[in-house]
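Visitor: I would like to learn how to read a few features of a structure. Please take them one by one.

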Amino acid sequence: MTEDILAALSNVSSPTVLLAILIGVVVGVTIGALPGLSATMGMAIFAPTTFFLPPIEGISFLLALYKGGTFGGSITAVLIGTPGTASNAATVADGYAMTRQGKAGRALGLSVWGSVVGDGIGCIVLVLCAPMVASFALKVGNAEKFAITLMSLTLVAYVSGNSLMRGLLAAGLGLALCLIGTDPIGGADRLTFGIRELSAGIGVIPLAIGLFGMAEVMDQLGRWRQGSLIVPVVDRPRIPDILGRIWYYRRTVTMSALIGAVIGALPGIGAETSNWVAYGFAKRVSPNPERFGHGAEDGVIAPEVACNATCGAAMIPTLIFGIPGDIVTSILMGALIAQGLQPGPTLITENRDLFYTLYAGLFVSMVMMAFVGLIAIRFASRIILIPRPILFTSVAVMCVAGTYAINTRLFDVGMMMLFGVVGWALRLLRIPIAPLVLAFVLGRILEDSFRRMLIQSGGSFSPLWDRPIALGVTLVTVAVIAAALWTASPLARKRTLAISQD
Amino acid sequence: MGGRARSFARGRGRELMDSVDQLRAKIAMIALCVVIATGAGWLAFNIDAFVSGWAFAMPGTTDAALAPATFPRMILWLVALVALANSIGEAIGFFKHRPCGSTSDAMSNDLERGPLTAVRAAGILAGVVLYLWSLPVFGFIVTSTSAIVLGSRIVGYRRWPVIIATAVILPSITWYSFRYGMKVILPEASAW
């Protein structure tokens, strides 16, 4: 282990890796700070470019971009009341209120250092839990994998949509799309409709670039109007003052980090959920809950700590089980596979130096984020004021170049554009896109484990209740479905209405 | 009094427009769900015709439950069922919709965003088709340069120096970075 750690430190201190991490953080913060551009979109667009880099540089760059993007979204949330990403939506209420009170610098300072602290705690959770979870993951068979994947799908549909049924519809479409291509067991063509290019299936990266990147471009260009964004003057925050305030709210910081880490470790849900849960919790435990929504400092710290703590913890299901924790990690998983690395328990045992290097890279990107974040505060207003028509037409060009580079096929560009139109239509109908992409990724794992389980058991479903881990996970899945159905029922609606009227 | 009446009429007009928009969205949702349910149901019925290599798919077994068409059939039935439930639920107003929590929703107070008009939506879709058509004909640089200029102008952005600078610099830099950085040659023109 000591040798692995020393090797990791040696790897991560090489100039190319440090440069990749620095560029990743800068690009991530910039992307996150631009309204409409998110870490997810950035990961999708830049993932193909990493296929041409060595694995350590490529994956470190993507991880740094993920972290930078998650923090960057808070800049616009605080300055103009519009979150750069959905992960920072809870920051708006108090961050923007602080800006209107002339405390923009302090709000951004709290956001930067809250993100760094949350990120650090998330990384520590990953480092401590990964080896334990990996030894447990080696005992996981096809039945357990099937049960865990099914649970992830249920959680995805339940939490990430505007309604349970629309989330399920999106997840169903994702599952149907993953059927196209080659049969994973027999290797025969399936649902290719005679199109040769579909034999290899639809790639997750063109799908994600289309649904997140192109769809956002179309939506932004479709709705853009000549407006007047007024960006406030940002005073430079004093670091000792900011750190003192974070220490003052240490209880909220600790609880928010734990909430973020636990939610991140659950396969299927991520920072979009954890920031709201932490905000709600911080409000409940605060001695002054009436200040929330009117510029409460803990109202900025809690969601930022939580959504950044989710980043490190989301790696646990992705790297160890091969089941992505959220959309971003599903894109990361695609990038790992493209680099010839199969996520799963063997990733640790067979690629120990890479695994520990990624750990070290996470800590280095955390330190870099502290500095880049503080510099970004000074340039925040200039980043926000980039004209959106120019920005989004340029993003469209990058989407095309990134997609083409994967297989140098125009067919992929066409598919990406098609998914862009589909994503835009789904967005207009308020059907959530996240369950579609996650179900698309999880669907392949689901089918593979399901069919292998049936082959091993001779066509029987009994492994699902004969094996204790599979049984436990199946029971959780049933409980989640029951809770979701209860929430959607008219009786629950009446009760909620009665409580809110009280 | 006149002002109050005008304000009341404006409020009623806005409410009417909102309800028309909601009705339109509802009809679109129902139509989409019906199309998905019909398509998925038809595919589920005929899945064997779309799965080749039946006999080789499951070595050592002839059990129909383990056939390669079983999992796709289950998924397609599930999709058809969920789509049908959605269309019925939407039609009778059964389902409760919570806020989406997406970036777009959160950006509702953005001063640079307005409603989407049919003309602009049609223009963007036409632009996508035109881009796809011209990419293999005129190549990446020319097509992307034109796309940046036309895209920015169509949505109403008017600062020519910024448009021209971006349109000239970005596609060229991208082409050369991909060509010499990643050894990927982006589409070149076939027209000349």
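Guide: What follows covers helix packing, two residues, the cysteines and one chain.

Guide: This is a predicted model, in which local features need pLDDT of at least 70 and side-chain atom pairs count only at pLDDT 80 or more, while totals for chains, interfaces and linings use all residues. Residues are numbered from 1 along each chain as its sequence is written, chains are lettered from A and ligands numbered from 1 in the order in which they are written, and side-chain values use heavy atoms, with hydrogens and water left out.

Visitor: How is the packing of two helices described?

Guide: Two packed helices are described by the angle between their axes and the distance between the axes. Helices (H or I, at least four residues) and strands (E, at least two) are DSSP runs, numbered from the N terminus. Axes are lines fitted to C-alpha atoms, for helices over the stretch in contact, and angles run from 0 to 180 degrees between N-to-C directions. In chain A, helix H6 (residues 104–137) and helix H13 (residues 297–313) have axes that come within 7 Å and cross at roughly 35°. The crossing of H6(A) and H13(A) is right-handed (the near helix is turned clockwise from the far one by less than a right angle; anticlockwise would be left-handed).

Visitor: Into which classes do the residues of the contact of H6(A) with H13(A) divide?

Guide: They divide into nine nonpolar, seven polar and four charged. Ala, Val, Leu, Ile, Met, Phe, Trp, Tyr, Cys and Pro count as nonpolar, Asp, Glu, Lys and Arg as charged, and the others, Gly among them, as polar.

Visitor: At what angle do H11(A) and H13(A) pack?

Guide: Helix H11 (residues 250–265) of chain A packs on H13(A) at about 35°, with the axes 7 Å apart. H11(A) also passes H13(A) in a right-handed crossing. The contact of H11(A) with H13(A) has ten nonpolar residues, five polar and one charged.

Visitor: Where is Ser111(A), and what does Ser111(A) touch?

Guide: Ser111(A) lies in helix H6 of chain A. Leaving aside residues up to four places away in sequence, Ser111(A) touches Phe71(A), Ser74(A), Val300(A) and Glu304(A), where contact means heavy atoms within 4.5 Å. The side chains of Ser111(A) and Ser74(A) are joined by a polar contact of 2.7 Å. A polar contact is a pair of N or O atoms within 3.5 Å; within protein, one must be able to donate a hydrogen and the other to accept it, and residues adjacent in sequence count only if both atoms are side-chain atoms.

Visitor: Is Asp183(A) buried or exposed?

Guide: Asp183(A) is buried, because its relative accessible area is 2% (buried is under 20%, exposed over 50%, partly exposed in between, with a 1.4 Å probe and protein chains only). Asp183(A) sits in the loop between strand S1 (181–182) and strand S2 (189–190) of chain A. Its side chain makes a polar contact of 2.7 Å with that of Arg451(A). Among the residues that Asp183(A) touches are Glu447(A) and Pro68(B).

Visitor: How many disulfides does the whole structure have?

Guide: A disulfide is a covalent bond between the sulfur atoms of two cysteines. The search takes sulfur pairs within 2.5 Å and finds zero over all chains. The sulfur of Cys311(A) is too far for a bond, because the closest cysteine sulfur, in Cys307(A), is 6.7 Å away. Cys311(A) is buried at 2% relative accessibility, and Cys33(B) is buried at 0%.

Visitor: What does chain B contain?

Guide: Chain B has five helices and zero strands. Of its 192 residues, 35% are buried.
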